[in-house]
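Dear colleague,

Please find below the structure that I am handing over to you. A short account of what was found in it follows.

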Amino acid sequence: MRNRRNRQAPTDQRLAMSDLNRRDLLKRAGAVGGATVLAGGLGSLGAASAAAQDGSRRVRQVSVLVEPQANVPEQFETIQLSAQRLRDIGFDIEVAVMPWEQQSDTVWFDRETWDMTAWQMVGRPERLDPDEFIYNLFHSSTIEDGYNFVGYSNPAYDELAEAQRVEVDHEARVELVYQLQEIIGADQPYMFAVYPHENYAFSTSVWDPATVVDAKGIGIKNYWTFVGAAPLSDQTDMILNTQSSVQAMNPLYISGGADSWVTELIWDRLMRIDAAGLPQPYAAESVEWADDTTLVATLRPDLMWHDGQPVTVEDVIFSFQAPAGEMSPMYKPFVAPIEAVTAVGDNQVEFKLLEPFAAFLTSGLSKLNLIPKHIWEPVLADLAEQGINAEQYQEETPIGSGPFKYVNWARNQEIILEANADHFNAPKMTRWIMRDMPNVAAALGGLQSGEINFLSDYTGDPTLLQQAADSSDGALSLVSTIVVGFRFLAPNHRRAPFGDAAVRRAMATAIGRDQIRINIYKDIYATNADSHVSKALEAWHAPDLPDYAVSDVEAARAILAEAGYDWDDDGFLLYPDGQTETL
Amino acid sequence: MPPRAVYFIRRLGQMILVLWAIATILFLIFRLMPGNPLVAFIDPTFTAEQAEAISRQFGLDQPLPVQYGLYLKNIVTGNFGTSFFQKEPVLGILLEVFPNTILLTGISLTAAYVFGVIAGSVLAWRRGGKLEGAGIVFALMTRSAPEFFVGMLALAFFSFNLGWFPSSGVASPGTIYDSVFQQLTSADFWRHLALPALTLAIYLQGLPLLLMRSNMLEVLDEDFVTMARMTGLPEWRVMLSHAARNALLPIVTALTLGIGYAIGGNVIVETVFSWPGLGRVLVRAVQSHDYPLAQGAFFLIAVVIVGLNFMADIIYSVLDPRVSTARQEVA
């Protein structure tokens, strides 16, 4: 979840722990039932609404949880603006500002206690297949301790969400995904705000702009740019910045956002998500469905580990079996659909799945890092003996088979990788150097002065970046890309009146997405969000969803009135006749 | 037993008591903070069972008293544990950034105190002059300007505008050093150190400057200064050998404390200049609920501060025996 700066934390970023990736990681926090061992003693937020009298028709004061303005200014401003529109339709809103840790802890572990929260989902390559968001966010099986933290429950949705998982026919699956988005459009379980744009920039005198790839939903900071970028001058090292420090380099541990960019380059995968967002064979020469539950991957010839050993089918099988036990809790779910992995001859691997799973190419074959059996088998055995898992282990010199080799890691300073000339898709650059730069203004200055030549992490004001690019006479190129993630206001369906879809539609109508995009994202750094499947995923995003673009307080009040709601003399919202405040 | 030995033992006992209290507060403070470290670890696809396994792995499933007992035992044996996130021994992580912090703060402190003492003496000597008026305004301005503001100005001017110094880090991109010694003796390192050290020194010089000035003003009224003047010594000798020497004593006390606090690193300067020091590690550890790392860092800082105080006490008791015997009489 948090992160981004920070948000820094292991599963994505954010974090970041950043910090970047901590936020991102936390956002993905899911099933943790019963694990609230140390949940700090926060009082229930519901206590704030204790003022509402039992038996009264008046809707209690409701709280919106949000991080401090300094952490994510856009989020905070979005909430302030939305709260104002909701007050206009009779809600008594209190904006509760709290640190990210406290907010996430409340939302995830005390699911009965909060009314509304600001939230965001971040984009990551495996989310380019809509399955993760479709299933995890709104399927009722994840209400209790999973990602459906708002508590949205709709049997019709559940049925379609399960159907799209096993539908291997692309056209038929697209149709199901459209229907799912239409249900969400009608029910408005979230008040969607925007799909933010990811802003990255690079020096056009150092890197040939034609070789910098803008990947769908991800932006120009991606695998294809890193292997493909062609140097134009003597400077053949790519120097990038990260705001959150790398915590670990481990192919069996998703330790953060910045970390994942490094692991992706050192360790190769059977398939890779291409710039259009679709999985393509990569370390595998080809991947074929033999039947609904059987996949056959043919390995490329002459693949080598960085220590000079050949990559064999045994290594591939080991790479998919190792995370299945207790060694890699974070990768375990991605191999869960596999029933068996077996060798066919000396260059083919057969994956037998437990049931048809359309997204497996993206979430399985494009996700798992290939690891050398000769290195990891003894390591894992040793770790198992000590009773700890692979996350606790850091290789002295990481060995993969990817396009970049590990050179050096100065903690909290920089990571140096060098091009693997023997790779089948050998990078054009000499070295890939990622510098820790917690100060985003210094990173932008460094890009202008040439200290870095690829701005790969920028959370500052996009207008400043735009100005820097505009005034550079073309020396800097800014690329702004719609991402797969989105920002939204999440109401808790467990608590009246938010379980009522009419109320949520009225809220969406009152808020209006245009004014958020225009006022807070300067119109051009975000796109209105209307679905959990981003507009970046053109192949999956349903057309003609309700857009709730313009704020219309009158129409919102009409929706509430029609659903039986009323207002008291002070203008505050009353429940329909016969219904009273129960909290 | 001689009074001094009794005093020594009593102070040692007090020091251990203080460290135990600090350790206990550190233990509780992180566990009472909102949020919990598991949140940072959790993947949406985790099952409750997996989450519990992680919790077990860190000992977070144990009751608090048990966790506390283990914690104290580890501290006594010098084991600060393994960082939750970096998966490495806490001591190693801290020692890796320690030289950077020591150098940055050491150099800044030295520069700030040398400048502050001299400038403070001069301002006191020129009491009532234009120089004093301007100097006080300068000292107050630099003392109250936020470090990040001074830092960004220094960056904008010396780095981005003039290009004299690099803007971030401790080394140029792609530099690999074989040893800390090699790093510290390279010109590249010192070029990177210049701006952060300057920023920190500008921030730190205000205190010694103002302190020195007021001490000097007091000392200048003392009889022995009048006496020195009457003996016909040149003014500069009166100022340096007689007045300044005596005015320095409180500065030494301030410096001792300053060193202690500076060990904690300087989060703001380290962040502005991307300086890999203890402050940044500490802040990130706190944000991510990395208990072992944060506790280890705070505890080390506490040991250094308490230890320096202890040494100062002992030295004082040697320099001025009244310090130890006075306590005896009270007892």
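**Helix α17 and the domains of chain A**

In this predicted model, helix α17 of chain A covers residues 553-562, and its buried residues are A:Ala556, A:Ile559 and A:Leu560. Viewed along the axis of α17(A), the buried residues fall within an arc of 95°, so they line one face of the helix. What do these buried residues of α17(A) pack against? Their partner is α15 of chain A, residues 501-511. On the face of α17(A) turned away from the buried side are the exposed residues A:Glu554, A:Ala561 and A:Glu562. After α17(A) comes A:Gly564, which has a positive phi, near 100°.

I turn now to the domains. The domain assignment of chain A gives domain 1 (28-40 + 55-194 + 484-570), domain 2 (200-268 + 400-482) and domain 3 (271-377). Between the centres of domain 1 of chain A and domain 3 of chain A, taken over C-alpha atoms, there are 35 Å. The contact between these two domains takes 12 residues from domain 1 of chain A and 13 residues from domain 3 of chain A.

Which elements give two or more residues to the side of domain 1 of chain A that touches domain 3 of chain A? They are α4 (131-138) and α5 (155-166) of chain A. The residues on this side of domain 1 of chain A divide into 5 nonpolar and 7 charged, with no polar ones.

Yours sincerely

Methods:
Residues numbered from 1 in each chain as written. Chains lettered and ligands numbered in written order. Predicted model: local features only at pLDDT ≥ 70, side-chain atom pairs only at ≥ 80, totals over all residues. Domains from an automatic or database assignment. Contact = placed C-beta atoms within 7 Å. Helix = DSSP H or I, 4+ residues; strand = E, 2+ residues; numbered from the N terminus. Nonpolar A, V, L, I, M, F, W, Y, C, P; charged D, E, K, R; others polar. Buried ≥ 20, exposed ≤ 12 C-beta atoms within 10 Å, placed from the backbone. Arc of directions from axis to C-beta.
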